[in-house]
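Reader: Hi! I have a protein model open and I'm not sure where to begin. Could you walk me through it?

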Amino acid sequence: MGMLREDIEALEQNGITRIAMTRLGDPDVIPLWFGEGDEVTPGFIREAAKQALDEGYTFYGHMRGRAELREAIKRYLDGLYGIDLDPARLTVPGSSMLAVTMAAQMTLSDGLHGLIVTPHWPNIDRAFRVTGAHFDTVRQRSGAHGWRLELDDVRAALRPETRALFVNSPCNPTGWVMSREAQAALLALAREHGFVIIADEVYHRTVFDAEAAPSFLEIARDDDPLIVVNGFSKAYAMTGWRLGWMVTPSRYAEQMAVLSECFNTSAPSFIQRAGVAALQAGEAEVAALRAQYRRGRECVVAMLGGHPLIDLPYPAGAFYAFPRVRGLRSSLAFVQGVLDEENVGLAPGYTFGPGNDAHFRLCYAHSTARLEEALARVLRYVERHAGAWGD
Ligand SMILES: Cc1ncc(COP(=O)(O)O)c(C=O)c1O
């Protein structure tokens with residue numbers, strides 16, 4: 001018998017890491033496989049962290065996060081969405097990924113059932129898997145105008161023991177942005193059925209026709225069955241800092257402190273100081289990053305949209321596209337081929353849930369010149385191998 005729980009021993013490396021590890025750091029490769037751009041974190045945020053270290057912010061802080069950071073997050077969300085969030089609802093445990101893990105642990109366990117709206121980031125189903133609960137996926141539907149979620153598909157997947165549904169909008173990997181109406185309908189279903197919506201809104205600032213994507217926080221009551229996860233990685237180019245937050249009903253403030261203490265005892269103190277700086281003075285940077293991502297998206301749509309060998313459901317938000325290569329049967333063989341022959345790093349579709357083996361994901365948070373070069377190489381590969389996809 002192995003040393004670990006069987007379900008932990010059975011966990012597989014996700015397809016992004018699997019392919020990326022083979023050529024990580026190779027200067028010949030244009031890496032579009034990870035969910036981050038090529039810009040370092042803005043200087044004033046880095047300075048705030050350095051200053052915090054020099055000022056001695058090296059101690060434990062409040063379990064749910066420093067009061068000044070929770071207050072800054074409250075003000076930020078209030079300003080963005082026109083709400084009045086109770087800071088007792090906020091916890092800053094560390095990264096958004098940790099917040100997702102905590103949300104899954106808080107709602108699911110052996111004998112219970114979860115749902116994940118898919119295509120989805122593979123780490124999410126790992127987080128669900130380790131709860132011991134059974135889970136199913138509900139697939140977004142795609143069409144020429146992009147992706148959407150049918151409420152009837154969610155309804156059909158519900159079971160009496162369904163306790164949590166994970167939904168990520170703007171979506172990694174599809175770029176789907178859930179409309180306010182769709183959010184309201186899902187929330188009504190959650191209230192009726194009694195499952196908790198785990199809403200991952202980490203790409204909320206990466207939309208191109210508004211300051212932020214619609215948030216469940218705008219329509220939900222404090223006591224609704226809702227956990228919203230968000231963070232600094234994407235909006236402020238802070239992926240390596242591991243800083244995010246979660247919003248839960250106020251009545252769970254004490255439980256959140258207990259849980260946060262045993263998961264990570266809150267995010268590092270000096271990094272929380274940098275988070276305050278980002279929220280207070282980061283709007284210009286958010287806008288600059290968004291302008292870059294907009295150029296990236298335009299480039300992807302111009303080069304892949306309308307190509308006869310590729311279907312590209314319109315990527316409305318986040319900084320990913322999830323194209324389908326016509327006739328493709330193995331996304332892993334495809335991205336391996338693109339890497340070997342054209343030195344471009346893509347993520348294979350299969351790792352984003354069932355039914356995606358003709359897809360690949362690319363992150364377009366890169367300079368236009370790099371992106372154009374990468375996409376030209378991908379197209380060259382597609383055209384060279386079209387009609388002869390092996391398994
Ligand atoms: C959908 C989604 N949720 C959460 C995260 C994790 O964010 P963080 O870096 O704050 O852990 C990512 C990162 O790629 C993501 O794509």
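Reader: How is the chain divided into domains?

Author: This is a predicted model. The domain assignment gives domain 1, made of 6-40 + 284-385, and domain 2, covering 43-282.

Reader: How far apart are the centres of domain 1 and domain 2?

Author: Taken over C-alpha atoms, the two centres are separated by 24 Å.

Reader: And how many residues of each domain are in contact with the other?

Author: On the domain 1 side there are 38 residues, and they are in contact with 41 residues of domain 2.

Reader: Cool. Switching topic: how many residues does the largest nonpolar core have?

Author: That core has 102 residues. Those with the most contacts inside it are Val167, Ile197, Tyr236, Phe334, Leu346 and Leu362. Helix α13 (residues 368-385) gives the largest share, seven residues. Domain 1 and domain 2 each contribute at least three residues to this core.

Reader: Let me click on Ile197. What does Ile197 touch?

Author: Leaving out residues up to four places away in sequence, Ile197 touches Leu165, Val167, Leu186, Leu187, Ala190, Phe216, Pro225, Leu226 and Ile227. There is also a second, separate core of 23 residues, and Ile227 is included there along with Ala103, Ala127 and Ile198.

Reader: Nice, now pockets! How much space lies in the largest pocket?

Author: About 600 Å³.

Reader: Which residues lie nearest its centre?

Author: Gly35, Trp121, Asn123, Lys234 and Arg242 do, out of 30 residues that line the largest pocket.

Reader: And which element gives the largest share of the lining?

Author: That is α5, with three residues. At least two lining residues come from each of α2 (15-20), α5 (96-107), α6 (122-129) and β7 (162-168).

Reader: One more spot. Where is the place of Arg66?

Author: Arg66 is in the loop between α3 (43-54) and α4 (67-81).

Reader: What does Arg66 touch there?

Author: Not counting residues up to four places away in sequence, Arg66 touches Tyr57, Ser269, Gln272 and Arg273. The Arg66 side chain also makes a polar contact with the side chain of Glu68, at 2.8 Å.

Reader: I saw Glu192 too. How far apart are Arg66 and Glu192 in space?

Author: From C-alpha to C-alpha they are 35 Å apart, and in sequence they are 126 residues apart.

Reader: Great, thanks for the tour!

Technical notes:
Residues numbered from 1 in each chain as written. Predicted model: local features only at pLDDT ≥ 70, side-chain atom pairs only at ≥ 80, totals over all residues. Heavy atoms only, no water. Core = buried A, V, L, I, M, F, W, Y, C linked by side-chain atoms within 4.5 Å. Buried < 20%, exposed > 50% of the residue type's maximum accessible area, 1.4 Å probe, protein only. Helix = DSSP H or I, 4+ residues; strand = E, 2+ residues; numbered from the N terminus. Domains from an automatic or database assignment. Contact = heavy atoms within 4.5 Å. Polar contact = N/O pair within 3.5 Å; in protein donor to acceptor, adjacent residues only side chain to side chain. 1 Å grid on protein atoms, 1.4 Å probe; cavity = no way out; pocket = protein on both sides within 12 Å on 5 of 7 lines; lining within 4 Å. Points joined across faces, edges and corners; volume = space filled by probe spheres on them.
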